[in-house]
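Walk through this model from its open spaces to its interface, then on to single side chains and enclosed spaces. Keep the structure in view while reading.

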Amino acid sequence: MNKVYPGADEAIIDVKDGDIIMLGGFGLCGIPENLIAALVRKGVSRLTCISNNAGVDDFGIGLMLKLKQVKKMISSYVGENDEFERQMLSGELEVELIPQGTLATRCMAAGYGMPAIFTPAGVGTEVAEGKETREFKGKEYLLEHAFDADFALVKAWKGDTDGNLIFKATARNFNPLMAMAGKITVAEVEELVPAGELDPNNIHTPGIYVNRIFKGTNYEKRIEQRTVRKSQAGQ
Amino acid sequence: MSLTKEQIAQRIARELKDGYYVNLGIGIPTLVANYIQSDIAVFLQSENGLLGMGPFPFEGEEDPDLINAGKQTITTLPGSAFFDSAMSFGMIRAGKVDLTVLGAMEVSDLGDIANWKIPGKMVKGMGGAMDLVASAKNIIVAMMHTNPKGQSKLLPRCTLPLTGVRCVKKIITDLAVLDITENGFELIERAPGISVEEIKNKTAGRLVVRNEVPEMDLT
């Protein structure tokens, strides 16, 4: 068994036009930068992308949108991207907006082997249109299905050669959920170590969920909203 | 005088109690963090996966891997914890978060809220708002009483697409504090110097006014 790939291009060699792909990250935090760059280089098209956000014009999934590689976007929030807006309004890009917790839990359900979940999010709103509902203890819930994705592309902080992953701070977000949910899961990591070097107590995603792993390079980690406070006198 | 956004945040901060886990939305709600009383311990939840959110970092100490749900760089406080997005909304759905404060474009006198979509305008998405309003035990809306055209945002029925139904418990605006009751908006407090008459004129939904309505205490 060898899960270790030389780089992003080799790790996505079999992604095809029309595939359904999950991409981890919240905004630009914790996105699989190397894998997105490889998808851009590969030029695959008609992709359905499941990702909380759609990047910005010149970074993240925005790079794939610019080249019209994305047919459909499934997200909870898609601001901050002019090209996205243009394609959505012109009808070139199909967009399905779903509540963020529903998005996360539909990933989780896939990774837990459950076909569907019931959630109260969206009851009584247009999100509920056409969906099966059911009452539990006097409260109404929507039935939402687990995602079915061909690939999950995630970014972790540390990983080992068996595919075990550790995430950092809020760069965790959707990454461990999507890692569990892909038919094939590819993880890029900042630090790749031999199996046995990571403390098993600290593993967030067990390697069983990860099919391919490689050490990413040249992380830009762009910040969307750089907010700071003035340093106090003497600091 | 109607309240400034900072004063609305200051008044909302008085609703926070010791030991509360609180989710603050974007806009005025974010400002609430600046007015939390120093003698209580409050954990701020950021739905991208953090409990125990701290203030913005000092310049040069920003960490791109540490942001809040508004994508701003932040810090953590002692006792904080990170988790994934499913657990984040899990704790919200399970009613573990004591209070959610969020902004709104419209609120109805039944407690319905609209804050994510304006027909004809670019729709950016609901983010976590629908999950939050569907599950939070206590929801306070922070908003201006009227829109920029001077029209009431407190309505008999929301005209915009809904984010959630019958979920808002309290509204704190630049003019008043109001509770949602089965009889509509009940006027609890008014901003200093604002008359009950003015609040009546600017509230389109059903408004209940009991005898004496005290002014807000912002000290």
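**A pocket lined by two chains**

The second largest pocket holds about 230 Å³ of space. The model is predicted, and the pocket is a good place to begin. Its lining counts 17 residues. Closest to the centre are A:K139, B:V133, B:A134, B:V165 and B:C167. Two elements give two or more residues each to this lining: β7 (139-145) of chain A and α4 (129-135) of chain B. Of the two, α4(B) deserves attention, as the largest share of the lining, four residues, comes from there. What is the chemical make-up of the lining of the second largest pocket? The residues divide into nine nonpolar, four polar and four charged.

**Where the chains meet**

Now turn to the contact between the chains. Chain A brings 53 residues to it, and chain B brings 46. About 4,100 Å² is buried between chain B and chain A. Carbon and sulfur atoms give 62% of that area. Which three residues supply more of the area that chain B buries against chain A than any other three? They are B:F58, B:D65 and B:K71, with 19%.

One of these residues, B:D65, also pairs by charge. Its side chain meets that of A:K168 in a salt bridge, at 3.3 Å from N to O. Across the interface of chain B and chain A there are five salt bridges. Polar contacts join 24 residue pairs between the two chains, counting pairs with both residues at pLDDT 80 or more.

Look next at the side of chain B that touches chain A. Both α3 (85-93) and α4 of chain B supply at least two residues to that side. Here α4(B) returns, having already lined the second largest pocket. By class, this side of chain B has 22 nonpolar, 13 polar and 11 charged residues.

**Two arginines**

Leave the interface for B:R190. This residue sits in strand β12 (residues 184-190) of chain B. A polar atom of the B:R190 side chain lies 2.8 Å from the backbone oxygen of B:V213. Which other residues does B:R190 touch, leaving out those up to four places away in sequence? Besides B:V213, the list has B:L175, B:A176, B:V196, B:I199, B:P214, B:E215 and B:M216.

In chain A, follow A:R212. Its side chain meets that of A:D14 in a salt bridge, with 2.9 Å from N to O. The two residues are 198 residues apart, so look for them in distant parts of the chain. A:D14 lies in the loop between α1 (8-11) and β1 (20-23) of chain A. A:R212 lies in strand β11 (residues 212-215) of chain A. Over all chains, the structure holds 29 salt bridges.

**Enclosed spaces**

Finish with the cavities. Rolling a probe the size of a water molecule over the atoms shows where empty space is left. How many cavities of 30 Å³ or more are there? The count comes to three.

The largest cavity has about 130 Å³ of space. It is lined by 16 residues. A:L28, A:C29, A:G30, A:R222 and B:P64 are the closest to its centre. The lining of the largest cavity has eight nonpolar, one polar and seven charged residues.

The second largest cavity has a volume of about 60 Å³. It has 13 lining residues. Nearest its centre lie A:G27, A:I31, A:S51, A:N53 and A:I61. Are charged residues present or absent in the lining of the second largest cavity? They are absent: the lining divides into six nonpolar, seven polar and no charged residues. Set beside this the largest cavity, where seven charged residues take part in the lining.

How values were computed
Residues numbered from 1 in each chain as written. Chains lettered and ligands numbered in written order. Predicted model: local features only at pLDDT ≥ 70, side-chain atom pairs only at ≥ 80, totals over all residues. Heavy atoms only, no water. 1 Å grid on protein atoms, 1.4 Å probe; cavity = no way out; pocket = protein on both sides within 12 Å on 5 of 7 lines; lining within 4 Å. Points joined across faces, edges and corners; volume = space filled by probe spheres on them. Nonpolar A, V, L, I, M, F, W, Y, C, P; charged D, E, K, R; others polar. Contact = heavy atoms within 4.5 Å. Buried area = accessible area lost by both parts, 1.4 Å probe. Salt bridge = Lys/Arg side-chain N within 4 Å of Asp/Glu carboxyl O. Polar contact = N/O pair within 3.5 Å; in protein donor to acceptor, adjacent residues only side chain to side chain.
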